[in-house]
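Visitor: I've just been handed this one and I'm new to it. Could you walk me through it, one question at a time?

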Amino acid sequence: MAAGYLLAIDQGTTSSRAIVFDSSLGPVASAQKEFPQHFPASGWVEHEPEDIWETVLSTAREAIAKAGLVAREIAGIGITNQRETTLIWDRRTGRAIHRAIVWQDRRTAEACAKLAAAGHEDLVASRTGLRIDPYFSGTKIAWLLDNVPGARRRAEAGELAFGTVDSFLLWRLTGGAVHATDATNAARTMLFDIGRGVWDKELLALLDIPAAILPEVRDCAAHFGDTAPELFGGPIPVRGIAGDQQAATIGQACFAPGMVKSTYGTGCFALLNTGDTPVRSKNRLLSTIAYQLDGRRAYALEGSIFIAGAAVQWLRDGLGIIGKASDTGPLAEAADPAQDVYLVPAFVGLGAPHWDAHARGAMFGLTRGTGPREFARATLESVCYQTLDLIEAMHADWPQAGQGGRSVLRVDGGMVASDWTMQRLADILDLPVDRPTVLETTALGAAYLAGLDAGLLPEPDRFADLWRLERRFLPAMAASQREHKVAGWRDAVRRTLSSH
């Protein structure tokens, strides 16, 4: 039988998932497995590398078996991954020298503060599009080299390899034959010049990281290598890699400059395609590589919200107001429209564009008549208002994004199943909100990249024609009401900021 199927490996922060797609990107079979999180000290978050590998291998095998396929029927594997999470391993054995340091980990905060105080912020921003922050891989690599006995000596001798999760998986899948990554993951290390598309020698020197440990950087759609035959009963080519938010951007077919996607999970990540030129943000957003195909890079502005779906979990687990997440929409719909209740969900500080780590959550406008319905509405609306803050910052940084009525927000993630929330999002943004038929856009993006390299799927402009709308939510709120509600939100945020 001809190879007409694609396998997407979606390696996330709390679980690994594998989905088999057919040649028209219809999901055929899937498997998912959670793995433990490790918190060895306050602010530290680690993963056991073998847990990552074993859950990826077992879910991939399970999905292939469920689909009733053999290796030769799979045209390619696409990998998408939790970004910034950092591993260093022995090139001879393939074993990591330490647990993976997860993107959420804050252990290098002091090192980052010293770099900023020494005046290096402009260099980092101009080369990488990023802020100096423990979030990114660079200072995590330096920490491993400085804190694992013998690591720096071995790294300089060429005995060790660094990679983000995609690179580690590629090494394992190919039996150690390939040490590579793609441009989107390289762009999140704080070591990569996104304008020139190369590892930056000045940044490597700044963090004292030897170039010998770095992977080769390739396009997102490329033949990265073949899996070791014993893994799946025969070799399967690895043909696509992209970090999770970039893979979702691809899965949403946001290939034209000005297109925006927003993914609503625990937090929220919004990416705006800015075309072939990186935009330097004046509003504390990140500039990053959206994708690289045929050697050509497309760029994006990225904004992150720390608390989206996590606020709904708080209603359920912290307050006991709801039994399940889907209860919030009906409750919000029944809320008293006369009550102006606002939740600013700064449970772990505020993300873009405020970047206030010391702000803490607050509710405003409570009366004796405020109850579960109003709490539910304020919680869902907080996600809409935070998205508005991001979109406005993006349009301020790149004004052409909002010109000519081209702006539409494409959404995905768990929260978008709520019709009430999506309608309120359209009302608050005063923009159309498009929900696609396939909500698993991250895995879809990885599968598309593999299919593109395999010649099964069309070029981006024609793939965009295959994107299918499930429902478009159009703004329906009166301008006066919207302005009143947004003004109330802005006042609530102002009173929540730590500098207030």
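Guide: Sure, and one word first: contact means heavy atoms within 4.5 Å. This is a predicted model, so local features need pLDDT of at least 70 and side-chain atom pairs count only at pLDDT 80 or more, while totals for chains, interfaces and linings use all residues. Residues are numbered from 1 along each chain as its sequence is written, and side-chain values use heavy atoms, with hydrogens and water left out.

Visitor: Let's try that word out. Leaving aside neighbours within four places in sequence, which residues is P475 in contact with?

Guide: Look in the loop between β23 (469-473) and α17 (479-496); helices (H or I, at least four residues) and strands (E, at least two) are DSSP runs, numbered from the N terminus. P475 counts as partly exposed because its relative accessibility is 31%; buried is under 20% relative accessible area, exposed over 50% and partly exposed in between (1.4 Å probe, protein chains only). Skip the close sequence neighbours, and the partners of P475 are Q423, A426, D427, D430, L431 and P432.

Visitor: What distance separates the C-alpha atoms of P475 and D430?

Guide: D430 sits in another loop, the one between α14 and β22 (433-436). D430 is partly exposed because its relative accessible area is 48%, and its phi is positive, near 55 degrees, though D430 isn't a glycine. Along the chain, P475 and D430 are 45 residues apart, yet their C-alpha atoms are separated by 5.4 Å.

Visitor: Is D294 buried or exposed?

Guide: D294 is found in the loop between β17 and β18 (296-305). Its phi is positive too, near 50 degrees, in a residue other than glycine. With a relative accessible area of 56%, D294 counts as exposed.

Visitor: And T13, is that buried or exposed?

Guide: T13 belongs to the loop between β1 (5-11) and β2 (15-21). Beyond its neighbours within four places in sequence, T13 is in contact with F35, Q37, H47, Q82, V102, W103 and Q104. Its relative accessibility is 17%, so T13 counts as buried.

Visitor: On to the core. Which helix gives the most residues to the largest one?

Guide: A nonpolar core is a set of buried Ala, Val, Leu, Ile, Met, Phe, Trp, Tyr and Cys residues joined through side-chain atoms within 4.5 Å. The largest has 52 residues, and Y264, L409, V411, L425, L429 and V433 touch the most other members. With 11 residues, the top giver is the helix at 372-397, namely α13.

Visitor: How many residues are in the second, separate core?

Guide: Before leaving the largest core, take Y264: its touching residues, beyond four places away in sequence, include A308, V383, T387, L409, V411 and L425. The second core is separate, and F35, A60, L87 and A228 are among its members; its size is 39 residues.

Visitor: At what angle do α13 and α14 pack?

Guide: Each axis is a line fitted to C-alpha atoms over the stretch in contact, and angles run from 0 to 180 degrees between N-to-C directions. For α13 and α14 (residues 419-429), the axes are 9 Å apart and the angle is about 40 degrees.

Visitor: How many nonpolar residues does the contact of α13 with α14 have?

Guide: From α13 come R377, L380, E381, C384, Y385, T387, L388 and I391, and from α14 come W420, T421, R424, L425, I428 and L429. Ala, Val, Leu, Ile, Met, Phe, Trp, Tyr, Cys and Pro count as nonpolar, Asp, Glu, Lys and Arg as charged, and the others, Gly among them, as polar. Sorted that way, 2 are polar, 3 are charged, and the nonpolar number is 9.

Visitor: How many residues of α10 are buried?

Guide: Find α10 at residues 244-251; just past its end comes A253, with a positive phi near 55 degrees. The buried ones are D244, Q245, Q246, A247, A248, T249, I250 and G251. The helix is largely enclosed by the rest of the structure because its buried count is 8 of the 8.

Visitor: At roughly what angle do the axes of α10 and α15 cross?

Guide: Here D244, A247, A248, I250 and G251 of α10 meet T441, T442, L444, G445, A446, Y448 and L449 of α15. The α15 helix covers residues 441-454, the two axes come within 7 Å, and they cross at roughly 75 degrees.
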